[in-house]
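Open the model in your viewer and keep the sequence panel beside it. The stops below say what to select and what is there.

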Amino acid sequence: MKKKNIILNLIGLRCPESIMVIRKTIRNMKNNEEILILSDDPTTKRDIPNFCYFMEHQLLTHEIQVKPYRYLLKKGL
């Protein structure tokens, strides 16, 4: 089965909108699917790792030195 690539562009959204959109998107994904998130909201540096921890998803990589910030998440543990 081919894995689909999901890219979620959240540039321009501010807290809590970005986390709400991420949560809704991940809810419709299957376990082990990955999603690339693009954001320019500085609060995502804290919010996305916390979201992954509390909702039991994996933060595979993140690039937060320059905007847009990039986060690669995997649904489930």
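Contact here means heavy atoms within 4.5 Å. The model is predicted, so local features need pLDDT of at least 70 and side-chain atom pairs count only at pLDDT 80 or more, while totals for chains, interfaces and linings use all residues. Residues are numbered from 1 along each chain as its sequence is written, and side-chain values use heavy atoms, with hydrogens and water left out.

**Stop 1: T44**

Select T44, which is found in helix α2. Helices and strands are DSSP runs numbered from the N terminus (helices H or I, at least four residues; strands E, at least two). Leaving aside residues up to four places away in sequence, T44 touches S18, S39, P49, Y69 and Y71. Is T44 buried or exposed? T44 counts as buried because its relative accessibility is 1%; buried means under 20% relative accessible area, exposed over 50%, and partly exposed in between (1.4 Å probe, protein chains only).

**Stop 2: the two helices**

Next select helix α1 (residues 17–27) together with helix α2 (residues 44–55). Two packed helices are described by the angle between their axes and the distance between the axes. Here the axes come within 11 Å and cross at roughly 35°. Axes are lines fitted to C-alpha atoms, for helices over the stretch in contact, and angles run from 0 to 180 degrees between N-to-C directions. The crossing of α1 and α2 is right-handed, the term for a near helix turned clockwise from the far one by less than a right angle; anticlockwise would be left-handed.

Now show the side chains. On α1, select S18, I19, I22, R23 and I26; they meet T44, D47, I48, F51 and M55 on α2. Six residues of this contact are nonpolar, two are polar and two are charged. In this scheme Ala, Val, Leu, Ile, Met, Phe, Trp, Tyr, Cys and Pro count as nonpolar, Asp, Glu, Lys and Arg as charged, and the others, Gly among them, as polar.

**Stop 3: Y53 and F54**

How many aromatic pairs does the structure hold? There is one. The ring centres of Y53 and F54 are 5.1 Å apart and the planes stand at 80°, so the pair is edge-to-face. Rings of Phe, Tyr and Trp (its six-membered ring) pair if their centres lie within 6.5 Å; planes under 30 degrees apart count as stacked, over 60 as edge-to-face and the rest as tilted. Y53 is exposed at 64% relative accessibility, and F54 is exposed at 61%.

**Stop 4: C15 and C52**

A search of the whole structure finds zero disulfides, a disulfide being a pair of cysteine sulfur atoms within 2.5 Å. Select C15: its closest cysteine sulfur, in C52, is 15 Å away, which is too far for a bond. C15 is partly exposed, at 42% relative accessible area, whereas C52 is buried, at 3%.

**Stop 5: backbone details**

Most residues other than glycine have a negative phi, and most peptide bonds are trans. Stay on C15 and add P16: a cis peptide bond joins them, with omega about 5°. P16 is in the loop between β1 (6–9) and α1. Then go to K67 and P68, also joined by a cis peptide bond, with omega about 0°; P68 lies in the loop between β3 (58–63) and β4 (69–74).

Finish with two positive phi values. N32 has phi near 75° and sits in the loop between α1 and β2 (34–39), where N32 is partly exposed at 43% relative accessibility. E56 has phi near 60° and lies in the loop between α2 and β3.
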